[in-house]
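Here is a short note to read alongside the structure. Take the points one at a time, and keep the 3D view open as you go.

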Amino acid sequence: MVAASVVPAIRRARHVVVMTGAGTSAESGVPTFREAQTGLWSQYDPLQLATPEAFEENAALVWDWYVWRRNKVLAAEPNAGHLALAELESLVPRLTLITQNVDGLHQRAGSPHVIELHGSLLRARCFERGHLAATWPACVPQNPPRCDVCGGRMRPDVVWFHESLPTAALQEAEQAVLAADLFFSIGTSSVVYPAAGLGMLASERGATVIEINPSATPLTPHADHVLHEPSGRVLPDIIACLRDPPGSAESRR
Ligand code: APR
């Protein structure tokens, strides 16, 4: 069993940092950012929609796209990989979960604290002043809905291209990586910075790096263990091994 190969490193770890990307949600049926364009939206390039400029040019169109993406995410369920990561929390001394995903599936799987580097589709804030809405705004004829506080145009609370990541989230993620002795990179192409830099930082700091991805990425050459497996399959296997007494799982091949 390929999962057994990483169990000794996990058992030795004092602080595990996990960073996930869109591949972690693939088995929940949530398409990755670039795969998402179907039906009406297939005529649009997501890179032309997920920007402040696109919102300024056609706020109603961008808002409608996010309403569509949010509904797809709400219809999805956490997969076995999300659930395994939530259980991993109780099997290691300390775990920090960082995600680039905006789908909220880690939280729905039971992970208690998720650092959302790219925000969340499940929240909305106003474009003009950043006022966060307590709940997702009701659909109104005037698209996008208006902010209850300042009357500004509502937008999803996600990081768009050409925007900076939330400072507090990025700093918390970097601090965790600096303190980690084991770093999991799961389901990410490791090409979008600054998130992609966290795996390299972990490697440079001497942490053990484990990558789970059916494909190779720029991080692969720097990883100590590479599992070319779907996360929804191999993460439950890892948890099963960790639940066994030390030594028994490692003999499982
Ligand atoms: N298990 C693990 N990995 C998988 C699986 C799976 N079942 N299915 C696909 N993958 C891998 C793919 O091989 C790919 O390397 O997941 C990765 C997804 O890469 P991207 O679509 O680029 O997603 P991500 O790395 O999260 O992108 C980072 O860029 O698209 C923008 O803002 C968006 O947050 C996103 C950021």
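**Notes on the fold**

1. Let's begin with the overall picture. The protein chain has nine helices and eight strands. The model is predicted. Its radius of gyration is 19 Å, close to the 18 Å that the globule rule gives for 253 residues, so the chain is as compact as a globular protein of that length.

2. Now for the outline of the chain. Taken along the principal axes, the box filled by the C-alpha atoms is roughly 60 × 35 × 30 Å. Of the 253 residues, 51% count as buried. Among contacts with a separation of 6 or more, 70% join residues that are 24 or more positions apart.

3. Next, please find two helices: H5, residues 80–88, and H9, residues 231–243. How do their axes cross? They come within 7 Å and cross at roughly 30 degrees. Angles under 35 degrees count as roughly parallel, and H5 and H9 are therefore roughly parallel to each other. Their crossing is left-handed.

4. Which residues bring these helices together? On the H5 side they are Ala 80, Gly 81, Ala 84, Leu 85, Glu 87 and Leu 88. These meet Ser 231, Gly 232, Leu 235, Pro 236, Ile 239, Leu 242 and Arg 243 in H9. By type, the residues of this contact divide into eight nonpolar, three polar and two charged.

5. Ala 176 is a good residue to look at next, and you will find it in helix H7, residues 167–179. Is Ala 176 buried or exposed? Buried means under 20% relative accessible area, and Ala 176 has 6%, so it is buried. Leaving aside residues up to four places away in sequence, Ala 176 touches His 15, Val 17 and Thr 96. For a sense of distance, try Tyr 193: Ala 176 and Tyr 193 are 17 residues apart in sequence and 17 Å apart in space, C-alpha to C-alpha.

6. Last, have a look at Arg 153. Where does Arg 153 lie? Its place is the loop between strand E4 (119–126) and strand E5 (154–158). Arg 153 has 18% relative accessibility, and so counts as buried. Which residues does Arg 153 touch, not counting those up to four places away in sequence? They are Phe 55, Glu 56, Ala 59, Arg 125, Cys 126, Phe 127, Glu 128, Pro 144, Pro 145 and Arg 146.

Notes:
Residues are numbered from 1 along each chain as its sequence is written. This is a predicted model: local features need pLDDT of at least 70, side-chain atom pairs count only at pLDDT 80 or more; totals for chains, interfaces and linings use all residues. Side-chain values use heavy atoms; hydrogens and water are left out. Axes are lines fitted to C-alpha atoms, for helices over the stretch in contact, and angles run from 0 to 180 degrees between N-to-C directions. Helices (H or I, at least four residues) and strands (E, at least two) are DSSP runs, numbered from the N terminus. Angles under 35 degrees count as roughly parallel, over 145 as roughly antiparallel, 65 to 115 as roughly perpendicular and the rest as oblique. A crossing is left-handed if the near helix is turned anticlockwise from the far one by less than a right angle, and right-handed if clockwise. Contact means heavy atoms within 4.5 Å. Ala, Val, Leu, Ile, Met, Phe, Trp, Tyr, Cys and Pro count as nonpolar, Asp, Glu, Lys and Arg as charged, and the others, Gly among them, as polar. The radius of gyration is taken over C-alpha atoms; the globule rule is 2.2 Å times the number of residues to the power 0.38. Buried means under 20% relative accessible area, exposed over 50%, partly exposed in between (1.4 Å probe, protein chains only).
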